[in-house]
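The following questions and answers concern the structure displayed below. Each answer ends on the value or name requested.

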Amino acid sequence: MTHEIILAGFGGQGILSAGRLLAQAGMMDGKQVSWLPSYGPEMRGGTANSSVVISDKPVDSPVLSNASALIVMNKPSLDKFEAWVDKDGIVIIDSSIVDRDVKRKDIESFLIPATKIASDMGNTAYANIILLGKLIQERQIVTLENFEKALYVVLPPKKHHMIPEEMEALKIGMNYADK
Amino acid sequence: MGQKLLMKGNEAIAEAAIRAGCLHYFGYPITPQTEIAHYMAKKLPKVGGVFLQAESEVAAINMVYGAGSTGTRVMTSSSSPGISLKQEGLSYLAGSEVPAVVVNIVRGGPGLGGIQPAQSDYFQATKGGGHGDYKQIVLAPSSVQELYELTVEAFNLADRYRIVVMVMGDGILGQMMEVVEFRDKEPIERPDAPWATTGHGCERSQNVITSIHLSPAVLEKMNLSRLEKYKQIEEKECRYELFNDEDAEFFIVAYGTVARIAKSVIETARQEGLNVGLIRPVTLWPFPRKAIDKVMGTAKAFLTVEMSAGQMLEDVMLSVCGRKPVYFHGRMGGMVPAKEDILQKLREMKEQLG
């Protein structure tokens with residue numbers, strides 16, 4: 001089984017760290033993983049994306065031209081990457097920012113107002129985690145146990161006190177029922 | 001094997017260098033390789049080494065020349081425009097036979113170009129970007145694990161042959177994260193360096209490190225002895241990977257990130273009845289001509305794929321030497337070859353050749 005995941009949005013939404021969390025947790029699950037960020041000037045306020053591959057076999061290419069899963073946190077990213085999603089692939093959309101659903105009928109989509117939910121929780125920085133929650137719930141990409149452990153590796157120690165809340169955000173995402 | 005970490009390619013290079021006993025790093029920041037300098041700045045002082053951000057790339061390579069002259073392990077890293085600035089120093093290092101490791105995480109050019117991945121410094125790296133008859137070993141990793149292993153190896157090769165070894169990756173390799181499994185103990189070979197300028201203590205004659213030899217006869221003789229060394233390296237140090245080579249008819253030749261993209265095409269190609277194999281040079285100089293010879297029996301044609309206008313292509317053509325057709329697919333400026341385009345090129349080759 002190979003998961004090819006694209007996460008895309010604005011710089012500052014936690015797109016890159018969400019990808020790193022998946023890769024780190026995947027590695028802890030004993031899978032082969034790769035994480036490739038967009039880099040350069042677009043990181044500062046422009047669009048950001050990262051490609052994550054989690055597989056039972058060695059990762060051929062970290063460079064994706066299609067995806068089994070897509071998380072989008074802005075509209076330009078949905079416009080760009082919707083066509084990249086495999087048939088029967090999954091798209092998770094932050095509907096507080098993106099005002100449309102997918103156009104395709106052959107893919108599955110979930111609309112979650114993640115930024116709004118996170119803001120109600122008191123910190124918009126949890127939006128990426130809420131969206132990851134839905135993806136993990138629907139596709140079992142990584143185990144919860146190792147996702148939590150991954151938070152301790154990826155987040156700097158000064159943010160470790162936030163991890164219980166991050167896990168709560170993850171569960172909100174997992175249990176969110178849309179449509 | 002020991003510890004497993006999820007690491008950026010650039011960090012893996014820096015960690016590898018420290019594990020290999022590199023004590024000095026001189027550099028100047030440039031995207032997409034600056035994490036190497038960050039890592040060195042943080043870690044080198046802790047192992048008793050020296051990190052120094054030079055005032056320019058030219059200064060950095062000359063600091064490498066100085067530190068290398070004392071026989072200590074030293075490294076610099078940069079990306080394409082910065083590596084161009086270092087060419088004079090690389091020629092001096094070659095002329096003085098001072099070992100050093102130089103990392104180039106290539107970005108699109110020419111000029112200041114862009115910051116996205118490219119392989120367009122192949123000529124500069126393998127044919128001699130500086131002046132004079134010289135060579136440097138060029139290693140081309142294609143994963144973060146290999147960035148680590150080949151960087152350690154680069155220091156061994158540099159010392160073994162008193163030569164500059166360049167580790168050349170593209171921006172993707174520098175920026176991506178993958179799992180690296182570190183060895184508990186590195187396979188470090190450190191031959192004696194009786195040539196090094198370490199202070200004679202009135203017990204031996206002076207060692208002189210220089211590349212100036214005004215007598216034509218002497219200079220030619222030194223060049224000839226270096227050619228002998230280069231010949232030895234060509235015989236002993238060619239490295240490559242063959243994939244699906246048993247009975248393949250079409251061979252993709254690609255290195256670095258592009259080799260991985262090519263590999264991912266092979267399964268789909270097989271399903272379409274295209275029997276494709278891969279030759280992945282790991283040393284770009286010396287170029288692994290043997291790999292080409294090895295597959296000549298079943299090969300109908302070769303397809304070189306690069307993030308350049310076709311640079312390694314020339315070495316492939318020289319190795320194939322007219323025996324079979326050689327095709328090319330390349331992207332430039334930071335664009336990355338897509339699987340589908342490689343596949344399409346293979347289909348066209350099959351159609352033309354039957």
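Q: How many helices and strands does the secondary structure of chain A comprise?
A: The model is a predicted one. From the N terminus on, the elements of chain A follow the order β-α-β-β-β-α-β-β-α-α-α-α. The secondary structure of chain A thus comes to six helices and six strands.

Q: What is the radius of gyration of chain A, and what does the globule rule give for 179 residues?
A: Along its principal axes, the C-alpha trace of chain A spans about 40 × 40 × 35 Å. Chain A is as compact as a globular protein of that length, because its radius of gyration is close to the value from the globule rule for 179 residues. The radius of gyration is 15 Å, and the rule gives 16 Å.

Q: What percentage of the 179 residues of chain A count as buried?
A: A residue is buried when its relative accessible area is under 20%. The accessible surface of chain A comes to about 7,500 Å², and 53% of this area belongs to carbon and sulfur atoms. Of the 179 residues, the buried ones account for 56%.

Q: How far apart are the centres of the positive and negative side chains of chain A?
A: Chain A carries 19 positive and 22 negative side chains. The centres of these two sets are separated by 3 Å.

Q: Is Gln140(A) buried or exposed?
A: Gln140(A) is placed in the loop between helix H4 (127-139) and helix H5 (144-154) of chain A. Its phi is positive, at about 45°, although Gln140(A) is not a glycine. Most residues other than glycine have a negative phi. With the cut-off for exposure set at over 50%, the 55% relative accessibility of Gln140(A) means that this residue counts as exposed.

Q: What radius of gyration does chain B have?
A: Chain B has 13 helices and 14 strands. Its C-alpha trace spans about 75 × 50 × 40 Å along the principal axes. For 354 residues, a compact globule would have a radius of gyration near 20 Å, and chain B agrees with this at 21 Å.

Q: What distance separates the centres of domain 1 and domain 2 of chain B?
A: Chain B is divided into domain 1 (4-236) and domain 2 (240-353). The contact takes 32 residues from domain 1 of chain B and 25 residues from domain 2 of chain B. Taken over C-alpha atoms, the centres of the two domains of chain B are separated by 28 Å.

Q: Among contacts in chain B between residues at least 6 apart in sequence, what percentage join residues at least 24 apart?
A: A contact requires heavy atoms within 4.5 Å. Of the contacts in chain B between residues at least 6 apart in sequence, those joining residues at least 24 apart make up 79%.

Q: Which residue does a cis peptide bond join to Thr31(B)?
A: Most peptide bonds are trans. The bond following Thr31(B) is cis, with omega about 5°. Its partner is found in the loop between strand S2 (24-27) and helix H2 (34-43) of chain B. That partner is Pro32(B).

Q: What is omega for the peptide bond from Trp285(B) to Pro286(B)?
A: Pro286(B) lies in the loop between strand S12 (283-285) and helix H11 (289-295) of chain B. The peptide bond from Trp285(B) to Pro286(B) is cis, and its omega is near -5°.

Q: Is Glu97(B) buried or exposed?
A: Glu97(B) is located in the loop between helix H5 (87-96) and strand S5 (100-106) of chain B. Its phi is near 55°, a positive value in a residue other than glycine. Because its relative accessibility is 15%, Glu97(B) counts as buried.

Q: With which residues is Thr126(B) in contact, leaving aside its neighbours within four places in sequence?
A: Thr126(B) lies in helix H6 (residues 122-127) of chain B. At 2% relative accessibility, Thr126(B) counts as buried. Leaving aside neighbours within four places in sequence, the residues in contact with Thr126(B) are Lys135(B), Val138(B), Leu284(B) and Trp285(B).

Q: What distance separates the C-alpha atoms of Glu267(B) and Leu284(B)?
A: Glu267(B) is placed in helix H10 (residues 256-271) of chain B. This residue is exposed, with a relative accessible area of 52%. Glu267(B) and Leu284(B) are 17 residues apart along the chain, and their C-alpha atoms are separated by 26 Å.

Terms used: Residues numbered from 1 in each chain as written. Chains lettered and ligands numbered in written order. Predicted model: local features only at pLDDT ≥ 70, side-chain atom pairs only at ≥ 80, totals over all residues. Heavy atoms only, no water. Helix = DSSP H or I, 4+ residues; strand = E, 2+ residues; numbered from the N terminus. Rg over C-alpha atoms; globule rule 2.2 N^0.38 Å. Domains from an automatic or database assignment. Buried < 20%, exposed > 50% of the residue type's maximum accessible area, 1.4 Å probe, protein only. Areas by Shrake-Rupley, 256 points an atom, 1.4 Å probe, with all protein chains shown as cover. Lys, Arg positive; Asp, Glu negative; His and termini not counted. Charge placed at Lys NZ, Arg CZ, Asp CG, Glu CD.
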